[in-house]
Amino acid sequence: MSILNEISEALQQGKAKNVKELVQKAIDEGISAKQILEEGLLAGMGIIGAKFKNNEVYVPDVLIAARAMNTGSELLKPLLAESGVKATGKVVLGTVKGDLHDIGKNLVRMMMEGKGLEVVDIGIDAPVEKFINTAKETGAQVIACSALLTTTMGEMKNVVEAVVAAGFRDKIKIMVGGAPVNENFCKNIGADIYTPDAASAADAAAAACL
């Protein structure tokens, strides 16, 4: 088995210590950071994402795999920066104002990072202005809003309207998600993308950044 396959396997099993050792070994063997990232870490996380979508693994498995991925990524970050490898896209992610739930949001972030996206996480209870200002400052291609309460869903509409008012609606895709949200709601408020789960959200965000 090649070392990149070993990295992928160890990541899927959530073995952070093994992932770190294998990534270091691959670096020492002269494999490029980009190749280690794409064919080792992201490949493994992609398999976890697909299994999660099919209910073959569950939230704890994803969290453990993501932690293992982060351990490996830390070693690669300086090397990727040196070689000028950029993230495949940038997403501003947050739970809307009035909503303090973050498990779903954090899962989405991990899945998106597992697709090679740079995620600017603005946290929970995020006001509209924070979504707008962060998107402008970072040049993100996607704004992703999460809500778990029916009472806070309206904030997503406010985000869409604020993007229109700020004059860059044509430059950015707006994603919405969370338990009470559905495709109809997404269309009604003028957002672009709704996905029912974290793995689909990551796929859709990666496609939107192309």
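Hi everyone, this is a short walk through two pockets and one strand of a predicted model.

A word on the ground rules. Residues are numbered from 1 along each chain as its sequence is written, and side-chain values use heavy atoms, with hydrogens and water left out. In this predicted model, local features need pLDDT of at least 70 and side-chain atom pairs count only at pLDDT 80 or more, while totals for chains, interfaces and linings use all residues.

Let's start with the empty space. Here a pocket is an open set of points on a 1 Å grid over the protein atoms alone, where a 1.4 Å probe fits, with protein on both sides within 12 Å along at least five of seven lines; lining residues have an atom within 4 Å of a point. A volume is the space filled by probe spheres set on the points, which are joined across faces, edges and corners.

The largest pocket holds about 520 Å³. Its lining has 20 residues, and nearest the centre are Leu37, Leu80, Ala87, Gly116 and Leu117. Two or more lining residues come from each of α3 (33–53), α4 (59–82) and β2 (118–121); helices (H or I, at least four residues) and strands (E, at least two) are DSSP runs, numbered from the N terminus. The biggest contributor is α4, with eight residues.

Next, the second largest pocket, at about 420 Å³. It is lined by 29 residues, with Gly104, Val108, Ser146, Gly177 and Gly178 closest to its centre. Among the elements giving two or more residues to this lining are β3 (142–146) and β4 (173–177), but α5 gives the most, with six.

So what surrounds β4? Four of its five residues are buried (under 20% relative accessible area, 1.4 Å probe, protein chains only), so β4 is largely enclosed by the rest of the structure.

Strands pair if DSSP finds at least two bridges between them. β3 and β4 run parallel, joined by five bridges, and Ala144 stands opposite Met175 in β4. Between these strands the chain passes through helix α7 (residues 154–166), in a right-handed β-α-β crossover. Right-handed means that, with the strands pointing away from the viewer, the path from the first strand over the helix to the second runs clockwise.

β4 also runs parallel to strand β5 (residues 193–194), with two bridges. Met175 turns up again here, standing opposite Ile193 in β5. Together, β4, helix α8 (residues 183–189) and β5 form a right-handed β-α-β unit.

Thanks for listening!

Conventions:
Buried means under 20% relative accessible area, exposed over 50%, partly exposed in between (1.4 Å probe, protein chains only).
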